Amino acid sequence: MELTTPALLFPAISLLLLAYTNRFLVLAQLIRQLHSSERDYFQSLVQRQIANLRQRIALIRLMQALGVSSFIVCTLSMLGLFLNQQQLAEVLFALSLLLLVASLLTSLYEIAISTRAIEVELADIDAKSRYPKS
């Protein structure tokens with residue numbers, strides 16, 4: 001393995017962490033909107049979303065931790081290569097890849113939960129359009 005091999009992951013991991021941060025910021029904005037919304041009108045919808053939002057926050061935190069860990073271990077792999085510790089560098093690089101895969105799988109799960117949240121909102125919109133308040 002060459003010194004440049006682990007370096008190939010740097011841009012990918014950086015972009016992935018940026019995407020995770022954006023998902024977190026969107027989620028935080030949604031929570032703030034729910035907090036400041038008219039409580040009576042949105043009460044049932046908010047109650048159905050709270051558990052979902054908490055789970056998504058925990059998953060995004062895990063995604064970020066796994067992504068950062070992958071980045072750190074990848075950096076340590078490059079250090080191992082720089083210090084001519086080929087076997088250590090290869091083990092660290094493999095660990096970095098596993099952490100990255102775990103982060104991506106967590107992201108996939110969070111996306112599935114996110115779509116369920118959208119389904120709750122669509123069901124609410126559908127119910128309101130069928131039975132409008134007088």
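In which helix is Gln 64 found? The exercises below begin with this residue.

**Conventions**

This is a predicted model, in which local features need pLDDT of at least 70 and side-chain atom pairs count only at pLDDT 80 or more, while totals for chains, interfaces and linings use all residues. Residues are numbered from 1 along each chain as its sequence is written, and side-chain values use heavy atoms, with hydrogens and water left out.

**Exercise 1. Locate Gln 64 and describe its surroundings.**

Step 1. Gln 64 is found in helix α3. Helices (H or I, at least four residues) and strands (E, at least two) are DSSP runs, numbered from the N terminus.

Step 2. Gln 64 has a relative accessibility of 22% and therefore counts as partly exposed. The classes are buried (under 20% relative accessible area), exposed (over 50%) and partly exposed (in between), with a 1.4 Å probe and protein chains only.

Step 3. With residues up to four places away in sequence not counted, Gln 64 touches Leu 17, Tyr 20, Thr 21 and Phe 24. Contact means heavy atoms within 4.5 Å.

Step 4. From C-alpha to C-alpha, Gln 64 and Ser 103 are 7.4 Å apart in space, with their positions 39 residues apart in sequence.

**Exercise 2. Summarise the fold of the protein chain.**

Step 1. The secondary structure consists of four helices and zero strands, in the order α-α-α-α along the sequence.

Step 2. Of the 134 residues, 31% count as buried.

Step 3. Among contacts with a separation of 6 or more, 87% are between residues 24 or more positions apart.

Step 4. The exposed area is about 8,900 Å², of which carbon and sulfur atoms supply 67%. Accessible areas come from the Shrake-Rupley method with a 1.4 Å probe; for residues, only the protein chains shown count as cover.

**Exercise 3. Compare the record's annotation with the model.**

Step 1. The unreviewed UniProt entry annotates residues 6–26, 58–82 and 88–109 as "transmembrane region". UniProt positions are given in the numbering used here, feature names are shortened, and annotations may be inferred rather than shown by experiment.

Step 2. Residues 58–82 are 100% helix and 0% strand, with end C-alpha atoms 36 Å apart.

Step 3. Residues 88–109 are also 100% helix and 0% strand; here the end C-alpha atoms lie 32 Å apart.

**Exercise 4. Which helices supply at least two residues each of the largest nonpolar core?**

Step 1. The largest nonpolar core has 12 residues, including Leu 9, Tyr 20, Met 63, Cys 74 and Phe 93. Such a core is a set of buried Ala, Val, Leu, Ile, Met, Phe, Trp, Tyr and Cys residues joined through side-chain atoms within 4.5 Å.

Step 2. Helices α2 (9–36), α3 (39–82) and α4 (86–130) each supply at least two of its residues. The largest share, six residues, comes from α2.

Step 3. Cys 74 touches Pro 6, Leu 9, Phe 10 and Ser 96, not counting residues up to four places away in sequence.

**Exercise 5. Trace the salt bridges of the structure.**

Step 1. There are two salt bridges, each defined by a side-chain nitrogen of Lys or Arg within 4 Å of a carboxyl oxygen of Asp or Glu.

Step 2. Arg 23 pairs with Glu 110 at 2.6 Å, N to O. This pair links distant parts of the chain, since Arg 23 lies in helix α2 and Glu 110 in helix α4, 87 residues apart.

Step 3. Arg 56 pairs with Glu 110 at 2.8 Å, N to O. Arg 56 lies in helix α3 and Glu 110 in helix α4, so this pair ties together parts 54 residues apart in sequence.

Step 4. Shared partners join Arg 23, Arg 56 and Glu 110 into one network.

Step 5. Glu 110 is buried at 0% relative accessibility, Arg 56 is buried at 8%, and Arg 23 is partly exposed at 28%.

**Exercise 6. Is Asn 84 buried or exposed?**

Step 1. Asn 84 is placed in the loop between α3 and α4.

Step 2. Its relative accessibility is 69%, so Asn 84 counts as exposed.

Step 3. Asn 84 has a positive phi of about 60° although it is not a glycine. Most residues other than glycine have a negative phi.
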